Amino acid sequence: MNGLQLLVLGRTLVKLAGTAMPSLGAEGLPASVRSVLVDVHHHPDSSVGEVAARTGFPQSHVSASIARLQEQGLLVAEADPRDRRRTLVRPAPDPRGGFLVIGSEPADDALLEALDDPRALPDVQRALETLYRHLVPSSG
């Protein structure tokens, strides 16, 4: 695999991720902004730095995304009561009571749509899981 192939693969995976990720009321927002929203739903009361570390986006992008999602009423950001220099982010309360809850939906449908042969899905899933395990820090 050369650098160009890796770039094309990366862009393809980003497009697939955008298709597979839940919108959480953030329809029309870029996949990178929705990634921040999904991360906060999975890790409420995280600092901006923690979200940046998990998503791999620069802290400036995460901060801008959080501000955008706050404007839409999807996230709440407040100063950390233990360290006022840090900002903690959590999902906004659901107007129906409680909090919006999301699951980790498999990307199977998006992958199947992209594959020429649906029988290749298990191989592709294993390959992606291996790449994730080896290339994403703290993925274990």
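Q: What distance does helix 4 reach from its first C-alpha to its last?
A: This is a predicted model, where local features need pLDDT of at least 70, side-chain atom pairs count only at pLDDT 80 or more, and totals for chains, interfaces and linings use all residues. Residues are numbered from 1 along each chain as its sequence is written, and side-chain values use heavy atoms, with hydrogens and water left out. Helices (H or I, at least four residues) and strands (E, at least two) are DSSP runs, numbered from the N terminus. Helix 4 covers residues 59-71, and its C-alpha span is close to the expected 18 Å (1.5 Å times one less than its number of residues): it reaches 18 Å.

Q: Why do the buried residues of helix 4 line one face?
A: Buried means under 20% relative accessible area, exposed over 50%, and partly exposed in between (1.4 Å probe, protein chains only). Val62, Ser65, Ile66 and Leu69 are the buried ones, while Ser60 and Glu71 sit exposed on the other side. An α-helix has 3.6 residues a turn, so residues three or four places apart point the same way. Down the axis of helix 4, the buried residues line one face because the directions from the axis to their C-beta atoms fall within an arc of 100°.

Q: Which element gives the largest share of the largest nonpolar core?
A: A nonpolar core is a set of buried Ala, Val, Leu, Ile, Met, Phe, Trp, Tyr and Cys residues joined through side-chain atoms within 4.5 Å. The largest one here has 14 residues, with Val62, Ile66 and Leu69 among those with the most contacts inside it. Helix 2, helix 3 and helix 4 each give two or more residues, and the largest share, 4 residues, comes from helix 2.
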